Amino acid sequence: MCSPKNLDLCDDDKKAEIKKFQDMPAAELDSLIATEEKKMEDAEAEFKAEVQKLQDKYQSLSTEKDEKIEAVKNSGLGLMKAVKAAAPAGNDEL
């Protein structure tokens, strides 16, 4: 794998990039590393926040669905089905 310790495994572009970082003052390199790590942390935080929003929306929709189903059941659906099942066969009125 290409790295500063294995330059022979690197293509010319990676060698140039490694050289650029090696020639930087340590403080500047530390600053760049901190900046890039912050971007990763921000991306992770944004991801977690958006996943939480999805979880909240899912929970809300699930609760809403359960309430609607309960309302339908309470409106007499079970009794309607029981009456239909108990009706004699061929007793369809037009």
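**Entry 1. Alanine 45**

I looked up alanine 45 and found a relative accessible area of 45%, so I recorded this residue as partly exposed. Alanine 45 belongs to helix H2. I note here that the model is predicted. I then took the distance from alanine 45 to leucine 9: the two are 36 residues apart in sequence, and their C-alpha atoms lie 35 Å apart in space.

**Entry 2. Secondary structure and overall form**

I asked how many helices and strands the protein has. The assignment gives 2 helices and 0 strands. The radius of gyration is 33 Å, well over the 12 Å that the globule rule gives for 94 residues, so I entered the protein as more spread out than a compact globule. Along the principal axes, the C-alpha atoms fill a box of roughly 90 × 25 × 20 Å. Helix H1 covers residues 12-23, and helix H2 covers residues 26-86.

**Entry 3. Two further distances**

I examined aspartate 56, which is placed in helix H2. Its relative accessibility is 45%, and I listed aspartate 56 as partly exposed. From aspartate 56 to alanine 86 there are 30 residues along the chain, and the C-alpha atoms of the pair are separated by 43 Å.

I next turned to cysteine 10, which sits in the segment before H1. Is cysteine 10 buried or exposed? Its relative accessibility is 8%; the cut-off for buried is under 20%, and cysteine 10 therefore counts as buried. Between cysteine 10 and leucine 79 I found 69 residues in sequence and 75 Å in space, C-alpha to C-alpha.

**Entry 4. Burial and surface of the protein**

I looked up what share of the residues is buried. Of the 94 residues, 3% count as buried. The accessible surface comes to about 8,600 Å². Carbon and sulfur atoms account for 58% of that surface.

**Entry 5. A nonpolar patch**

I searched the surface for nonpolar side chains and noted a patch formed by Val72, Leu77 and Met80. Together these residues offer about 250 Å² of accessible area. I checked leucine 77 individually: this residue is found in helix H2 and is partly exposed, with a relative accessible area of 31%. Membership of a patch requires over 30% relative accessible area, and leucine 77 has 31%.

**Entry 6. Charges**

I counted 15 positive and 22 negative charges in the protein. The mean positions of the two sets are 4 Å apart. I then asked how many salt bridges there are. The count comes to 7, and I inspected several of them in turn.

**Entry 7. Lysine 19 and aspartate 23**

The side chains of lysine 19 and aspartate 23 meet in a salt bridge, with 3.0 Å from N to O. Why are the two separated by about one helical turn? They are 4 residues apart in helix H1, which means a separation of about one turn. Lysine 19 has a relative accessible area of 45% and is partly exposed, whereas aspartate 23, at 51% relative accessibility, counts as exposed.

**Entry 8. Glutamate 50 and lysine 53**

In helix H2 I examined glutamate 50 and lysine 53, which lie 3 residues apart, about one turn of the helix. Their side chains form a salt bridge with an N to O distance of 3.1 Å. Glutamate 50 is partly exposed at 38% relative accessibility. Lysine 53 is exposed, with a relative accessible area of 51%; the cut-off for exposed is over 50%.

**Entry 9. Lysine 65 and aspartate 66**

I closed with the salt bridge between the side chains of lysine 65 and aspartate 66, for which the N to O distance is 3.5 Å. I entered lysine 65 as partly exposed, with a relative accessible area of 46%. Aspartate 66 is likewise partly exposed, at 41% relative accessibility.

Methods. Residues are numbered from 1 along each chain as its sequence is written. This is a predicted model: local features need pLDDT of at least 70, side-chain atom pairs count only at pLDDT 80 or more; totals for chains, interfaces and linings use all residues. Side-chain values use heavy atoms; hydrogens and water are left out. The radius of gyration is taken over C-alpha atoms; the globule rule is 2.2 Å times the number of residues to the power 0.38. Buried means under 20% relative accessible area, exposed over 50%, partly exposed in between (1.4 Å probe, protein chains only). Accessible areas come from the Shrake-Rupley method with a 1.4 Å probe; for residues, only the protein chains shown count as cover. Lys and Arg count as positive and Asp and Glu as negative; His and the chain ends are not counted. The place of a charge is taken as NZ of Lys, CZ of Arg, CG of Asp or CD of Glu. Patches are made of residues with over 30% relative accessible area and no salt bridge: like charges are joined within 9 Å, nonpolar side chains (Val, Leu, Ile, Met, Phe, Trp, Tyr) within 5 Å. A salt bridge is a side-chain nitrogen of Lys or Arg within 4 Å of a carboxyl oxygen of Asp or Glu.
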